[in-house]
Amino acid sequence: MRIDKYLANMNVDSRKEVHQLIKKGVVAVNGKTVKTLKEKINENDVVTVNGEEIAYQKYHYFLLNKPKGVLSATEDRSQKTVISLLDPQDRYQGIVPVGRLDKDTTGLLLLTNDGQLNHELVAPNKHVAKVYRAEIAGVADEETAKAFASGMMLGDGTKLKPAKLKILKQDRENATSEIEIEISEGKYHQIKRMFGAVGMKVTALDRLSMGNLHLPSDLKRGKYVELSLDEIKNIK
Ligand code: URA
């Protein structure tokens, strides 16, 4: 890889600023000052800027607060995808969303180019807990909680694992509720179908956490933060 691309990829600075750093002579590879922007390096080379080592980071982890109206996909012919919310320099090769949130679902979505971690989080036998807050058209009550806790059967015969339902607000007059739900699998439209099975409708759905990873309260919709390996390591 070219040294200027490497430094930009490691988020040292933009490609343009990196060119300035190289021209200033503050970039070195294995102790030798870099003279040309076209110099090539490999993973084992030690790169420094002003004497500070810029270690190679192969995998990147971004925690996005997904807004409504964006697809959890890498590309789409006509619709905006979550990848388009990343700054161009963060669109590393192989970056994909970890699992899917529906187009109208908001909240925590992890994006990474670490295929192994992705697999460990979404594989059906891994049971990573996911917590959502939802607004419901219908009165969710203890009966609903019991039905969810027992591992319900969906209309198409899909048997679900037990889910925990916490009722935050009930408005009997307007027949609406606010709830928190914890599920440990990620079946297609799972939460919407669970409420559908008990005659209710999800009108808003927001993911709050996945494993030990929580949506930071100060992270605005459509914004994201990069997580360190330490932060991601304990997610399961
Ligand atoms: N369940 C759903 O129905 N939709 C989501 O986006 C996530 C879980």
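# A tour from the ligand outward

Select isoleucine 191 and the ligand: a polar backbone atom of isoleucine 191 is 3.1 Å from a nitrogen atom of the ligand. That is a polar contact, meaning a pair of N or O atoms within 3.5 Å; within protein, one atom must be able to donate a hydrogen and the other to accept it, and residues adjacent in sequence count only if both atoms are side-chain atoms. The model is a predicted one, in which local features need pLDDT of at least 70 and side-chain atom pairs count only at pLDDT 80 or more, while totals for chains, interfaces and linings use all residues. Residues are numbered from 1 along each chain as its sequence is written, and side-chain values use heavy atoms, with hydrogens and water left out.

**Stop 1: the ligand**

Stay on the ligand and add aspartate 102, which has a polar side-chain atom 2.7 Å from a ligand nitrogen atom. Next add histidine 189, where a backbone N or O atom lies 3.3 Å from an oxygen atom of the ligand. On its own the ligand exposes 240 Å², and the protein buries 95% of that; accessible areas come from the Shrake-Rupley method with a 1.4 Å probe, and for residues only the protein chains shown count as cover. To show the surroundings, select Leu101, Asp102, Thr105, Tyr132, His189, Gln190, Ile191, Lys192 and Leu205. Each counts as near the ligand, with a heavy atom within 4 Å of it.

**Stop 2: arginine 207**

From Tyr132, one of the residues around the ligand, go to arginine 207. The C-alpha atoms of arginine 207 and tyrosine 132 are 4.2 Å apart in space, although the two residues are 75 apart in sequence. Arginine 207 is in strand β11; helices (H or I, at least four residues) and strands (E, at least two) are DSSP runs, numbered from the N terminus. Arginine 207 is buried, at a relative accessible area of 3%. The terms are set as follows: buried is under 20% relative accessible area, exposed is over 50%, and partly exposed is in between (1.4 Å probe, protein chains only).

Where does the side chain of arginine 207 find a polar partner? One of its polar atoms lies 2.9 Å from the backbone oxygen of leucine 108. Leaving out residues up to four places away in sequence, arginine 207 touches a list of residues that includes Val98, Leu101, Leu108, Lys130 and Leu215; contact means heavy atoms within 4.5 Å.

**Stop 3: helix α3**

Select residues 115–122, which make up helix α3; Leu117, Asn118, Glu120 and Leu121 are its buried residues. Looking down the axis of α3, these residues fall within an arc of 165°, so they line one face of the helix. The arc is taken from the directions from the helix axis to the C-beta atoms. Show β5 (61–66), β6 (96–97), β7 (106–112), β11 (201–210) and α6 (229–233), which are among the elements covering that buried set. At the start of α3, look for a side-chain oxygen of aspartate 114 within 3.3 Å of the backbone nitrogen of glutamine 116.

Then follow the chain to histidine 127, in the loop between α3 and β8 (130–137). Histidine 127 has a positive phi of about 55° although it is not a glycine, and is partly exposed at 39%.

**Stop 4: helix α1 and the ring pairs**

Aspartate 4 sits in helix α1 (residues 3–9) and is buried, at 0% relative accessibility. Its side chain makes a polar contact of 2.8 Å with that of arginine 2. Beyond neighbours within four places in sequence, aspartate 4 is in contact with Arg15, Val18, His19, Ile22 and Leu37.

How many aromatic pairs does the structure hold? There are four; rings of Phe, Tyr and Trp (its six-membered ring) pair if their centres lie within 6.5 Å, with planes under 30 degrees apart counted as stacked, over 60 as edge-to-face and the rest as tilted. Tyrosine 6 and tyrosine 56 form a stacked pair, 6.0 Å centre to centre with 15° between the planes. Tyrosine 6 is in α1 and tyrosine 56 in the loop between β4 (52–53) and β5, so the pair ties together parts 50 residues apart in sequence. Is each partner buried or partly exposed? Tyrosine 6 is buried at 4%, whereas tyrosine 56 is partly exposed at 33%.

Move on to phenylalanine 148 and phenylalanine 195: their ring centres are 5.0 Å apart and their planes at 85°, so the pair is edge-to-face. Finish with Phe62, Tyr92 and Tyr224, which ring pairs link into a cluster.
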